[in-house]
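Biologist: I should be grateful for a close look at a single part of this protein, namely the last helix and the packing beneath it. Please connect that part to the rest of the fold.

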Amino acid sequence: MAGVPDAFQRLWTPHRLVYIQTGQQPEEHACPFCRAPEMDDVESLIVARGEHAFVLLNLFPYNSGHLLVCPYRHIATYDEASVEEVAEIGSLTQTAMRVLKSVSKCDGFNLGMNQGRIAGAGIAEHLHQHIVPRWALDSNFFPIIAQTKAVPQLLGDVRREIAEAWPA
Ligand SMILES: [Zn+2]
């Protein structure tokens with residue numbers, strides 16, 4: 001191996017190549033649903049990881065235990081999902097409902113995907129399915145008059161409870 005030594009150390013940063021290659025920007029890393037699986041479960045609020053999709057707590061819950069099911073792939077809408085992704089989003093949703101029933105004794109659920117900004121998607125560029133547990137007396141006047149949601153349990157505690165109840 002040939003080379004001319006100099007006074008500099010080298011910090012090899014091949015991951016920065018995307019910054020200098022034209023037309024390729026690492027913009028997926030600005031996406032919280034792409035970033036989450038790269039972090040540990042506690043930090044990212046992930047409760048379960050599948051092969052094609054994962055489940056995490058919504059940082060902005062409508063209710064305690066509000067979960068999101070996301071494919072790992074950065075796709076915007078449900079019609080872009082593969083057969084495998086659709087199947088696993090479905091099975092993770094079922095498991096999430098069973099777990100929420102057992103840990104939080106909820107009375108019902110709202111499930112839904114907002115597709116596109118116009119339809120109310122907060123992060124429109126990465127598909128996510130909401131799973132919102134509901135209780136008979138969970139609605140109060142806060143969201144109506146003060147745009148404030150009362151959420152009675154801390155996210156870290158909820159995450160641990162759901163993750164521990166998730167079947168292996
Ligand atoms: Zn993404």
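Modeller: Helix H6 lies across strands E1 and E2, and runs at about 30 degrees to E1. Such angles are taken between N-to-C directions, from 0 to 180 degrees, with axes fitted as lines to C-alpha atoms, for helices over the stretch in contact. Helices (H or I, at least four residues) and strands (E, at least two) are DSSP runs, numbered from the N terminus. The model is predicted, so local features need pLDDT of at least 70 and side-chain atom pairs count only at pLDDT 80 or more, whereas totals for chains, interfaces and linings use all residues. Residues are numbered from 1 along each chain as its sequence is written.

H6 comprises residues 155–165, and Val158, Arg159 and Ile162 in it are buried. These residues lie on the same side of H6, because they cover an arc of only 100 degrees around the axis; the arc is that of the directions from the helix axis to the C-beta atoms. An α-helix has 3.6 residues a turn, so residues three or four places apart point the same way. The face turned away from the buried side of H6 carries the exposed residues Gly156, Asp157 and Glu164. Here a residue is buried if 20 or more other C-beta atoms lie within 10 Å of its own, exposed if 12 or fewer, and partly exposed in between, with C-beta atoms placed from the backbone.

The buried residues of H6 pack against strand E1 (46–49), strand E2 (53–57) and helix H4 (83–104). Contact requires that the C-beta atoms of two residues, placed from the backbone, lie within 7 Å.

The strands beneath H6 belong to an open sheet of five strands in the order E1-E2-E3-E5-E4, with antiparallel pairing. E1 and E4 are the edge strands, each pairing on one side only. Two strands pair if DSSP finds at least two bridges between them. Next to E2, strand E3 runs antiparallel and is joined to E2 by five bridges; Ala53 stands opposite Pro71, and Leu56 has Leu68 as its bridge partner. E3 also pairs with E5 over three bridges, and Leu67 is matched there with Ile131.

E3 (residues 67–71) is largely enclosed by the rest of the structure, because five of its five residues are buried. Leu67, Val69 and Pro71 occupy one side, and Leu68 and Cys70 the other.

H6 and the sheet also meet in the largest nonpolar core, which has 24 residues; Val55, Leu56, Leu67, Val69 and Ala96 have the most contacts inside it. E1, E2, E3, H4, E5 and H6 each supply at least two residues of this core. A nonpolar core is a set of buried Ala, Val, Leu, Ile, Met, Phe, Trp, Tyr and Cys residues joined through C-beta atoms within 7 Å. Leaving aside neighbours within four places in sequence, Ala96 is in contact with Val55, Leu67, Val69 and Ile131.

E3 also leads to an annotated residue. The unreviewed UniProt entry marks His128 as "active site"; UniProt positions follow the numbering used here, feature names are shortened, and annotations may be inferred rather than shown by experiment. His128 is found in the loop between strand E4 (108–112) and strand E5 (129–134). His128 is buried, with 21 other C-beta atoms within 10 Å. Not counting residues up to four places away in sequence, His128 touches Phe33, Leu68, Val69, Cys70 and Ile123.
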